[in-house]
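Student: I would like to learn how to read a protein model step by step. Could you take me through it?

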Amino acid sequence: MEKNVKAKANKVLIVGASGFLGRALMRLPDVGLERVPTVRHAIPDLRGSLRLDLTNSEEVMAVVGRSKPAWVVNAAAETSVDRCEADPSRTRRVHVDGTTNLVRACEEAGAGLITISTNYVFDGEAGPYDEGDETNPLNVYGQTKLEAESVVLQASCQGVVVRAAVLYGYHQGSRPNFVTWSYSSLRDGKPIRVVTDECTNPTHVDELARFLLGLCHSDFAGTIHFAGLDYLSRYQMVERICDVCRLDFSLVTPVVSAALGQFARRPLQAGLRIDKLNTMFAPKLRSFEDHLRDLSEKMQS
């Protein structure tokens, strides 16, 4: 159930500011918000960052209390799906306990909380999915993200859950993602194997970051999907990378997901419908090919 809470002031605490999405949130040009980065370990290029261990409830309460933000954006996560499966207790501490700590701190401070979730809360049997479809995660990553969603949606503070899928993009120094890994491998003449049966809508990290910060100017609360315009298999994504960036598609071997022997199960048809997003916010999204052209230029420079 959605709540309708009056928008607040302009200070935003970015949790997980050293990660892929966190850096995008800090990098965007002026959006009328004072952004304060938090990191678990000191990062030289994130000046003014505050140390924050999500799993330490006292530390979370203290940092949020001292900072007095209007909003907290939780971009922290254990992002390796297989590592989550191998260490479920650690994953639950980060995703569920960490989110619970943030909720309590935001309730105490009177701040709103936006947390990032995933298309992996669905089983991929009948996607793409809208916000009201039944969830059924196949792995620890998706299950703990779903539990974190519940914590936020039951909070007494203004809580927002944003589900996204397959983040990609490029900025110098950012860690590899599926798109940049594929591009770099093929550019260097390395053969790769890519699954044909995992489909979703790849989501550009800067578009997601812009939307998240825009939510801090709104009174929205509840769950919303944010994903790219194009619904593609991983194999189709690489096919378009080769076409746009003029790379050798013969280096790509198609395989099915089961052949990779991955530790955690992946949902196969787990795209996200964005009808609600388009109705409520009408973001100006660009196509996957448009973003690939920009990415290719940046990675060649």
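Student: Which elements do the buried residues of helix 4 pack against?

Tutor: Helices (H or I, at least four residues) and strands (E, at least two) are DSSP runs, numbered from the N terminus. Buried means under 20% relative accessible area, exposed over 50% and partly exposed in between, with a 1.4 Å probe and protein chains only, while contact means heavy atoms within 4.5 Å. Here the buried residues of helix 4 pack against strand 1 (11–15), helix 2 (57–67), strand 4 (71–74), helix 3 (81–86), strand 5 (112–118) and helix 5 (140–153). Among the buried residues of helix 4 are Thr91, Val94, His95, Leu102, Val103 and Cys106.

Student: What should I know about the origin of these values?

Tutor: This is a predicted model, in which local features need pLDDT of at least 70 and side-chain atom pairs count only at pLDDT 80 or more, whereas totals for chains, interfaces and linings use all residues. Residues are numbered from 1 along each chain as its sequence is written, and side-chain values use heavy atoms, with hydrogens and water left out.

Student: What span should helix 4 have, and how far apart are its end C-alpha atoms?

Tutor: The expected span of a helix is 1.5 Å times one less than its number of residues. For the 22 residues of helix 4 (residues 88–109) that gives 32 Å, and the end C-alpha atoms are 30 Å apart, which agrees. Helix 4 also bends by about 30° at Asp97, the bend being the angle between axes fitted to the seven residues ending there and the seven starting there. After helix 4 comes Gly110, whose phi is positive, near 75°.

Student: How do I read the sheet, and in what order do its strands lie?

Tutor: Strands of a sheet pair through backbone hydrogen bonds, either parallel or antiparallel. Two strands count as paired if DSSP finds at least two bridges between them. In this model 7 strands form an open sheet in the order 3-2-1-4-5-6-11, and the pairing is parallel. Strand 3 (50–51) and strand 11 (222–225) stand at the edges with a single partner strand each, so one side of each is left without a neighbour in the sheet. Strand 11 pairs with strand 6 (residues 159–164) in the parallel sense over 4 bridges, and Val161 stands opposite Thr223 in strand 11.

Student: Which strands does helix 7 touch?

Tutor: Helix 7 (residues 205–215) packs on the sheet, touching strand 1, strand 2 (34–39), strand 4, strand 5, strand 6 and strand 11. Its direction makes about 170° with that of strand 6, where axes are lines fitted to C-alpha atoms, for helices over the stretch in contact, and angles run from 0 to 180 degrees between N-to-C directions. Of the 11 residues of helix 7, 9 are buried, so helix 7 is largely enclosed by the rest of the structure.

Student: How many residues does the largest nonpolar core have?

Tutor: In soluble globular proteins, nonpolar side chains tend to be buried together. A nonpolar core is a set of buried Ala, Val, Leu, Ile, Met, Phe, Trp, Tyr and Cys residues joined through side-chain atoms within 4.5 Å. The largest one has 41 residues, and those with the most contacts inside it include Leu21, Val73, Ile114 and Leu212. Helix 7 gives the most to this core, with 7 residues. A second, separate core of 22 residues includes Phe178, Ile192, Met237 and Leu251.
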